[in-house]
Amino acid sequence: MRQLLLLRHAKSSWDDPLLADHARPLNARGRRAATAMAAAMRDLGLSPDVVLVSSARRTLQTLEAISPFADSPLIEPMDDLYLAPWPRLLELLRAVPETARSVLLIGHNPGLHDLALALAGPAAMAGSAAVAARRLAEGFPTCSLAEFTVATPWRDLAEGGGRLTRFLVPADLPEAVL
């Protein structure tokens, strides 16, 4: 079994209207949420082998806030992840080395949310993770984390190919003073 972690970047700042979207940093609320999510990930033993992260400033700052990991993962900042639609995200996941047992993808909505829904598939609404799947269907807030188990090799990952095991939003975390 493989593990796929999908993390939406934390809340970003809109304070500077002249700043390009790609260059927007995290705001204070986003930094607090990312710190809380980092603690939750450590408590759950979530430590990826590979991290695919959008090259946007807010995603890189989210990665910085949730690091370090127990192991030293391969970290790949990628321009292709910036605002990518879900089919492109899936394509990039299919290229992950087969030796990776756990992958963390840090990206943006709507692509990340759409990918999570596609991976879970309609069967998730009736399975053991139905509550998490219904929450996921309602939205994918900033700094939320969806955890999937994947039974196939990365190259064969497809719609319905992930089993949603957990969906955490910052509001679930006691450390997140938002």
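## Met37, two helix faces and the loops around them

Met37 sits in helix α1. This is a predicted model, and Met37 is a good place to enter it.

**Met37 and its surroundings**

Is Met37 buried or exposed? Its relative accessible area is 0%, so Met37 is buried, the cut-off being under 20%. Which residues touch Met37, once those up to four places away in sequence are set aside? They are Leu7, Cys143, Ser144, Leu145, Leu168, Val169, Pro170 and Leu173. Leu5 is 32 residues from Met37 along the chain, and the two C-alpha atoms are separated by 12 Å.

One of the residues touching Met37 is Cys143. Cys143 belongs to the loop between α5 and β5 (145-150). Cys143 is buried as well, with a relative accessible area of 0%. Its backbone stands out too: phi is near 60°, a positive value in a residue other than glycine.

**The chain as a whole**

The chain holds 5 helices and 6 strands. Read from the N terminus, the order is β-α-β-α-β-α-β-α-α-β-β. The radius of gyration is 15 Å, which agrees with the value near 16 Å for a compact globule of 178 residues. Along the principal axes, the C-alpha atoms fill a box of roughly 45 × 30 × 30 Å.

Of the 178 residues, 52% are buried. Take the contacts between residues at least 6 apart in sequence: 75% of them join residues at least 24 apart. The chain exposes about 8,200 Å², and carbon and sulfur atoms supply 55% of that area. Charges come as 18 positive and 19 negative side chains. The centres of these two sets lie 4 Å apart.

**Two helices with a buried side**

An α-helix has 3.6 residues a turn, so residues three or four places apart point the same way. Two helices can be read with this in mind.

Helix α3 covers residues 86-94, and its buried residues are Leu89, Leu90, Leu92 and Leu93. They cover an arc of only 160° around the axis, which puts them on the same side of α3. What do these buried residues pack against? The partners are strands β1 (2-8), β2 (50-54), β3 (74-78) and β4 (102-107), together with helix α4 (111-120).

Helix α5 covers residues 130-138, and its buried residues are Ala130, Ala132, Ala133 and Leu136. Here too the arc around the axis is only 160°, which places them on the same side of α5. Their cover includes α4 and β6 (163-168). Val131 and Glu138 are exposed, on the face of α5 turned away from its buried side. Just after α5 comes Gly139, with a positive phi of about 160°.

**A buried serine in a loop**

Ser47 is placed in the loop between α1 (28-43) and β2. At 7% relative accessibility, Ser47 counts as buried. Which residues are in contact with Ser47, leaving aside neighbours within four places in sequence? The contacts are Phe69, Ala70, Asp71, Arg101 and Ser102.

**Backbone points to check on screen**

Two peptide bonds are cis, each leading into a proline. The first joins Ser67 and Pro68, with omega of about 0°. Pro68 is placed in the loop between α2 (57-66) and β3. The other runs from Asn109 to Pro110, with omega near 5°. Pro110 is found in the loop between β4 and α4.

Leu83 has a positive phi of about 55°, although it is not a glycine. Leu83 lies in the loop between β3 and α3. At 44% relative accessibility, Leu83 counts as partly exposed. Cys143, by contrast, is buried at 0%.

The table sets out the backbone angles.

| Residue or bond | Angle | Value |
|---|---|---|
| Ser67 and Pro68 | omega | about 0° |
| Asn109 to Pro110 | omega | near 5° |
| Leu83 | phi | about 55° |
| Gly139 | phi | about 160° |
| Cys143 | phi | near 60° |

Technical notes: Residues are numbered from 1 along each chain as its sequence is written. This is a predicted model: local features need pLDDT of at least 70, side-chain atom pairs count only at pLDDT 80 or more; totals for chains, interfaces and linings use all residues. Side-chain values use heavy atoms; hydrogens and water are left out. Helices (H or I, at least four residues) and strands (E, at least two) are DSSP runs, numbered from the N terminus. The radius of gyration is taken over C-alpha atoms; the globule rule is 2.2 Å times the number of residues to the power 0.38. Buried means under 20% relative accessible area, exposed over 50%, partly exposed in between (1.4 Å probe, protein chains only). Contact means heavy atoms within 4.5 Å. Accessible areas come from the Shrake-Rupley method with a 1.4 Å probe; for residues, only the protein chains shown count as cover. Lys and Arg count as positive and Asp and Glu as negative; His and the chain ends are not counted. The place of a charge is taken as NZ of Lys, CZ of Arg, CG of Asp or CD of Glu. The arc is that of the directions from the helix axis to the C-beta atoms.
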